[in-house]
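Morning, everyone. Please look at the model on the screen while I talk. I'll keep this brisk.

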Amino acid sequence: MNSAGTLRVSELAVCLSLFEVGSTTLFLMGGEAKQDAWLAMLTGAFVGLLLLLIHLGIHHQEPELDLFLMLRRYMGKMLGTLLILLFIGYFAYEASRNLRDLAEVTELTLLNRTPIWVISLITILVVSNTVRYGYRVLFLMCMMLFPVMVLGYTLISVLIPSTGLLHTDLSLPVMENGWGPILRAAIPEMISFPFGQAVLFLVFYPYARNGRNLNKVVIAAYIMTALSLTFINQLIIFVMGPQIAMFSTLPLLQTVQLIDMTEVFERMDALFTLLLFLGLGIKMAAFFHGAVIGLERITHRSYKKWVLPMGLVLYGVSFLSPTFTEHIEVGRGFTLIYISPLFQIFLPVLLLLVILLKKRMKNKKNN
């Protein structure tokens, strides 16, 4: 995984887009803001954009170094190693959560008589095989699946209004209770998931061939993805209304199940489930890659030797929560409020400040 400059910037942007979509459509985002969920999404996306600019700023300070190598260089050997281990743990934990999400959705929608441990085992074997071939395969896979994802979500977005399910009045009145509920819904939860998770791409930015266009392309992909996710999320409100949508286990799936164009489009829930599987698989594989690259950096042993041990860890950790409800509660509570901001906001900002400070001191010394 040391071959720098092997990715096109467009491939990086496409993977970032699919990564952000990931498991986001599994949930109603900003439900606490009720009909103003779209404003909460846009608020979270804006703050996420500021974080993305910080991440890109870190990358451009040392374009040849990934997140782990920068931590080692600028934080010192002991503290840097500790922070690398923490980031490896964070990426592994996020991958395990995606594994559990995928297994639970499969059991709920398709294989309700299959034990969840069997579904998880098959999933981790498939994803581990992808990771074994390196990040290049992951990014090529994203390029292949991107048209499928775009077409699928576009079809859903077109069919819902065309079948008369859309009731735009359900999004009124706008800002009924002011900015309070909107900000509470967006900060920190929506920043942490999904927008702040782009911190993972500090591991992949150095592999881009042409860094000159990196900022423009990545930012454009982020904005387009954020706007698309906001629209798709608001479709749930338009169809189900904020009160019902808040208490739905899989709100977008239930929305899609209502699509019925006799003898033309039926069982659209199968299409959405496929899209959800692809998004979850890509996100899990990306976090999995981040974890094994970190292990390669810290041990100087090939990432391939870490794929099996890390796969076993992910498989085991995915069962920490005994029920799906508890799994969701832990993820949308403790993880998003306390764990994610540490890795997405505090540590990247600290790293950027240390890099700038050390470079300034070095320049003064040279002068």
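I'll go through empty spaces, then the core, then some backbone details, then cysteines. One caution before that: this is a predicted model.

Let's begin with open space. How do we find it in general? Rolling a probe the size of a water molecule over the atoms shows where empty space is left. Here, the largest pocket has a volume of about 500 Å³. Its lining is made of 17 residues. Closest to the centre of the pocket are Met246, Ser248, Ile328, Glu329 and Arg332. Find those on your screens.

Which helices help to line this pocket? Helix H9, residues 242–246, and helix H13, residues 324–366, each supply at least two lining residues. The largest share belongs to H13, with 6 residues. By class, the pocket lining holds 8 nonpolar, 5 polar and 4 charged residues.

Now the closed spaces. How many cavities of 30 Å³ or more does the whole structure have? The search finds 3. I'll describe two of them.

The largest cavity has about 160 Å³ of space. It is lined by 13 residues. Nearest its centre are Phe27, Arg97, Asp101, Phe193 and Gly331. Helix H4, residues 77–109, supplies at least two lining residues, and so does H13. Which one gives the most to this lining? H13 does, with 5 residues. Remember that H13 also gives the largest share of the pocket lining. As for class, the lining of the largest cavity has 4 nonpolar, 5 polar and 4 charged residues.

Next, the second largest cavity. About 60 Å³ of space lies in it. Its lining includes Thr24, Thr25, Phe27, Met29 and Met41. Leu229, Ile232, Asn233, Ile236 and Leu252 line it too. You have met Phe27 already, at the largest cavity. For the second largest cavity, helix H8, residues 214–240, provides the largest share, 4 residues. How does this lining divide by class? There are 7 nonpolar residues, 3 polar and no charged.

On to the core. A general point: in soluble globular proteins, nonpolar side chains tend to be buried together. In this model, the largest nonpolar core has 121 residues. The residues with the most contacts inside the core are Leu12, Phe91, Phe201 and Phe204. Helix H11, residues 268–299, gives the core its largest share, 17 residues.

Zoom in on Phe91. What does Phe91 touch, if we skip residues up to four places away in sequence? Its partners are Leu67, Phe68, Leu200, Val203, Phe287, Gly290 and Ala291.

While we're on contacts, look at Thr130. It is in helix H5, residues 116–132. Buried or exposed? Thr130 counts as buried because its relative accessibility is 14%, and the cut-off for buried is under 20%. Leaving out neighbours within four places in sequence, Thr130 contacts Val137, Met141 and His289.

Now the backbone. Two peptide bonds to look at are cis. One runs from Leu172 to Pro173, with omega near -5 degrees. Pro173 is in the loop between helix H6, residues 135–162, and helix H7, residues 180–192. The other runs from Phe193 to Pro194, with omega near 10 degrees. Pro194 is in the loop between H7 and H8. Phe193 came up earlier, at the largest cavity.

Then there's positive phi. Met175 is not a glycine, yet its phi is positive, at about 55 degrees. Met175 is in the loop between H6 and H7. With a relative accessible area of 28%, Met175 is partly exposed. His300 is another non-glycine residue with positive phi, near 60 degrees. Its place is the loop between H11 and helix H12, residues 304–317. His300 counts as exposed, at 67% relative accessibility.

Last topic: cysteines. A disulfide is a covalent bond between the sulfur atoms of two cysteines. How many disulfides are there here? The count is 0. Why is Cys15 not bonded to Cys142? The sulfur of Cys142 is the closest cysteine sulfur to that of Cys15, but it is 3.5 Å away, so it is too far for a bond. The cut-off is 2.5 Å. Cys142, likewise, is in no disulfide. Cys15 is buried, with a relative accessible area of 0%. Cys142 also counts as buried, at 0% relative accessibility.

That's my tour. Thanks for listening.

How values were computed
Residues are numbered from 1 along each chain as its sequence is written. This is a predicted model: local features need pLDDT of at least 70, side-chain atom pairs count only at pLDDT 80 or more; totals for chains, interfaces and linings use all residues. Side-chain values use heavy atoms; hydrogens and water are left out. On a 1 Å grid over the protein atoms alone, a cavity is a set of points where a 1.4 Å probe fits but cannot get out, and a pocket is an open set with protein on both sides within 12 Å along at least five of seven lines; lining residues have an atom within 4 Å of a point. Grid points are joined across faces, edges and corners, and a volume is the space filled by probe spheres set on the points. Ala, Val, Leu, Ile, Met, Phe, Trp, Tyr, Cys and Pro count as nonpolar, Asp, Glu, Lys and Arg as charged, and the others, Gly among them, as polar. A nonpolar core is a set of buried Ala, Val, Leu, Ile, Met, Phe, Trp, Tyr and Cys residues joined through side-chain atoms within 4.5 Å. Buried means under 20% relative accessible area, exposed over 50%, partly exposed in between (1.4 Å probe, protein chains only). Contact means heavy atoms within 4.5 Å.
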